[in-house]
Amino acid sequence: MSGRVEIRRDLRPGDLGEIVAFHGRTYGREYGVDERFEAMVASSVAEAARRGWPGERERVWIVERDGEFACCLGLTDEGDSGTVRWFVLDPSVRGRGLGRRLLDELISEARELCFERLRLETFSLLRVAAHMYSSHGFEVVQEDTRPRWGRDSITYQHYELELA
């Protein structure tokens with residue numbers, strides 16, 4: 001990776017808004033989703049923030065490249081399970097194992113925090129992410145295909161990984 005890459009494990013002022021905006025920019029550009037996708041992300045980020053995320057059994061990873069927001073990843077506490085959230089990487093930091101490294105760290109943290117399972121939601125157009133999730137043992141447990149976010153058809157997927 002050219003440029004200085006820093007991985008932070010804390011939230012700073014502006015990070016919540018940047019998580020939302022980063023999703024809107026990245027997925028809008030790469031997958032043609034509209035503002036309703038960004039609104040969905042905003043709603044989930046706001047709900048987590050209202051609950052005090054990141055709490056004691058929750059984590060955040062913010063990656064900056066040369067001081068610019070380049071990746072985010074969250075783990076939220078849903079009781080017996082944890083949820084992998086807001087995982088997106090800028091093209092400038094992809095293809096070098098960073099995503100895999102962060103997911104490895106998240107899974108390790110989830111085990112240490114005694115979660116019984118991990119869940120995540122994504123959509124099928126994210127083929128590289130799907131391969132990474134599957135290679136870590138995540139399995140698709142539910143799919144729903146229909147028009148959403150300005151596209152004629154998107155298959156929304158729910159994955160789970162048993163940890164216990």
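How many bridges join strand 2 to strand 3? In this predicted model, seven bridges link the two strands. The strands run antiparallel. Strand 2 spans residues 59-65, and strand 3 covers 68-77. Arg65 has Glu68 of strand 3 as its bridge partner. Two residues lie between the strands of this hairpin. One feature of the turn is the backbone of Asp66, where phi is positive, near 50°.

Asp66 belongs to the loop between strand 2 and strand 3. Its phi value is notable for a residue other than glycine. Most residues other than glycine have a negative phi. Is Asp66 buried or exposed, or does it fall between the two? Its relative accessibility is 47%, so Asp66 counts as partly exposed, because the exposed class begins over 50% and the buried class ends under 20%.

Strand 3 also pairs on with strand 4, residues 81-89. This pairing is again in the antiparallel sense, over six bridges. Thr76 stands opposite Thr83 of strand 4. The hairpin of strand 3 and strand 4 has three residues between the strands. Within this hairpin, Gly79 adopts a positive phi near 95°. Strand 3 thus takes part in two pairings, with strand 2 and with strand 4. Strand 3 is mostly covered, with eight of its 10 residues buried.

Ser81 is placed in strand 4. Its relative accessible area is 1%, and Ser81 is therefore buried. What does Ser81 touch, leaving aside neighbours within four places in sequence? Its contacts are Thr76, Phe115, Arg117 and Arg119. Among these, Thr76 is the residue that stands opposite Thr83.

Two helix pairs were examined next. Helix 1, residues 15-31, packs with helix 2 at an angle of about 160°. Their axes are 9 Å apart. Angles over 145 degrees count as roughly antiparallel, and helix 1 and helix 2 are therefore roughly antiparallel to each other. The crossing of helix 1 and helix 2 is right-handed. Helix 1 contributes Leu16, Ile19, Val20, Ala21, His23, Gly24 and Tyr27 to the contact. Helix 2 contributes Phe37, Glu38, Val41, Ala42, Val45 and Ala49. By class, the residues of the contact of helix 1 with helix 2 divide into 10 nonpolar, two polar and one charged.

How do the axes of helix 3 and helix 4 lie, and at what angle do they cross? The axes of helix 3 (residues 98-112) and helix 4 (residues 127-135) come within 11 Å. They cross at roughly 40°. Helix 3 and helix 4 are therefore oblique to each other. Helix 3 passes helix 4 in a right-handed crossing. From helix 3, the contact draws on Gly99, Arg100 and Leu103. From helix 4, it draws on His131, Met132, Tyr133 and Ser135. The contact of helix 3 with helix 4 has three nonpolar, three polar and one charged residues.

Further backbone features lie in other loops. Where is the cis peptide bond? The bond joins Trp53 and Pro54, with omega of about 0°. Most peptide bonds are trans. Pro54 sits in the loop between helix 2 (35-50) and strand 2.

Trp149 is not a glycine, yet its phi is positive, about 55°. The loop that holds Trp149 runs between strand 6 (139-148) and strand 7 (151-162). The relative accessibility of Trp149 is 7%, so Trp149 counts as buried. Asp66, at 47%, is instead partly exposed.

Strand 7 also holds Ser153. Its relative accessible area is 41%, so Ser153 is partly exposed. Ser153 touches Thr145, Arg146 and Pro147, not counting residues up to four places away in sequence. Ser153 and Gly67 are 86 residues apart along the chain. Their C-alpha atoms are separated by 36 Å.

Conventions: Residues are numbered from 1 along each chain as its sequence is written. This is a predicted model: local features need pLDDT of at least 70, side-chain atom pairs count only at pLDDT 80 or more; totals for chains, interfaces and linings use all residues. Side-chain values use heavy atoms; hydrogens and water are left out. Helices (H or I, at least four residues) and strands (E, at least two) are DSSP runs, numbered from the N terminus. Buried means under 20% relative accessible area, exposed over 50%, partly exposed in between (1.4 Å probe, protein chains only). Two strands pair if DSSP finds at least two bridges between them. Axes are lines fitted to C-alpha atoms, for helices over the stretch in contact, and angles run from 0 to 180 degrees between N-to-C directions. Angles under 35 degrees count as roughly parallel, over 145 as roughly antiparallel, 65 to 115 as roughly perpendicular and the rest as oblique. A crossing is left-handed if the near helix is turned anticlockwise from the far one by less than a right angle, and right-handed if clockwise. Contact means heavy atoms within 4.5 Å. Ala, Val, Leu, Ile, Met, Phe, Trp, Tyr, Cys and Pro count as nonpolar, Asp, Glu, Lys and Arg as charged, and the others, Gly among them, as polar.
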